[in-house]
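Colleague: I would like to know how the labels on this model are earned. Can we go through them one at a time?

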Amino acid sequence: MRKHRDAEDASHPDVWTGRATNRVQWLLALGGAACMALGIELAVDSAWTSGVAPLVMSVVGCIAAGLLVLFGTLAFVHVDLKLDKECVEVRCGHMGVPRRRIPLSEVAGADFTAHVTPRHWGGWGYRWRPEKGTAVVVRRGEGIVLRLWDGHTFTITVDNAEAAVRAIRDRLRTITPGTAR
């Protein structure tokens, strides 16, 4: 009987974690780094004879565009999902920003979806569409759709989404809707 209890505990840990990664984002980040390198090269080794203002505008433009692309893509290289007894927490990128924490008392249900694509949501990243809800899409493939009590949905691409849905449903059985724990 003890082995049976341990098997149960292994299938439903106190904290379930999942992740999805998109390696293509690293290529886009390299493009941003190249833009920054061009801006730095222009600033250091400039042979412009038309004046300082065009040079400054070029340098600042290249560095700003490079930083925007670099940090914008690195923020969505991966998504981490953490499910504990109280909430579902979604963190993006290496810094964990943007982040969303959804208490389980606000979740009406969870569904598995086999096909989440950036095309359906308008690209990679943190997305909102009035007719579909909110999503964190870092790659195409399987994902979780959380149905919230306020009528909204929140979709997350994550590996092993079926296991995540099972874990969320198990936790929802013990929670009264709309109550804070």
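Modeller: Gladly. Keep in mind that this is a predicted model. Start with Asp-111. Its relative accessible area is 25%. Buried needs under 20% and exposed needs over 50%. Asp-111 falls in between, so Asp-111 is called partly exposed.

Colleague: What makes Asp-111 and Arg-147 a salt bridge?

Modeller: The distance. Their side chains meet at 2.7 Å, N to O. The cut-off is 4 Å, so the pair qualifies. The two residues are 36 apart in the chain, with Arg-147 in strand β8 and Asp-111 in strand β5.

Colleague: Why does Arg-147 count as partly exposed?

Modeller: Its relative accessibility is 36%. That lies between the limits of 20% and 50%, so the label fits.

Colleague: How do you know that Arg-173 is exposed?

Modeller: Arg-173 has a relative accessible area of 66%. The limit is over 50%, so Arg-173 passes. Its side chain meets that of Asp-170 in a salt bridge, 2.5 Å from N to O. Asp-170 is at 25%, so Asp-170 counts as partly exposed.

Colleague: Which residues do shared salt bridges join into one network?

Modeller: Asp-111, Arg-147 and Arg-169. The structure holds 7 salt bridges.

Colleague: How many aromatic pairs does a search of the whole structure find?

Modeller: The search finds 1.

Colleague: Why is the pair of Tyr-126 and Phe-154 called tilted?

Modeller: Look at the angle. The ring planes are at 50°. Stacked needs under 30 degrees and edge-to-face needs over 60, so tilted is what remains. The centres are 6.2 Å apart, and the limit is 6.5 Å, so the rings do pair. Tyr-126 is in strand β6 and Phe-154 in strand β9, 28 residues apart.

Colleague: What makes Phe-154 buried?

Modeller: Its relative accessible area is 0%, and buried means under 20%. Arg-100 lies over the face of Phe-154, 4.6 Å from the ring centre. The other ring partner, Tyr-126, is at 34%, so Tyr-126 counts as partly exposed.

Colleague: How do you know that the span of helix α5 agrees with what is expected?

Modeller: Helix α5 has 12 residues, from 161 to 172. At 1.5 Å a residue, it should span 16 Å. Its end C-alpha atoms are 16 Å apart, so the two agree.

Colleague: Which strands do the buried residues of α5 pack against?

Modeller: They pack against β1, β2, β3, β5 and β8. Among those buried residues are Val-165, Ile-168 and Leu-172.

Conventions: Residues numbered from 1 in each chain as written. Predicted model: local features only at pLDDT ≥ 70, side-chain atom pairs only at ≥ 80, totals over all residues. Heavy atoms only, no water. Helix = DSSP H or I, 4+ residues; strand = E, 2+ residues; numbered from the N terminus. Expected span 1.5 Å × (residues − 1). Buried < 20%, exposed > 50% of the residue type's maximum accessible area, 1.4 Å probe, protein only. Contact = heavy atoms within 4.5 Å. Phe/Tyr/Trp six-rings, centres within 6.5 Å; stacked < 30°, edge-to-face > 60°. Lys NZ or Arg CZ within 6 Å of the ring centre and 35° of its normal.
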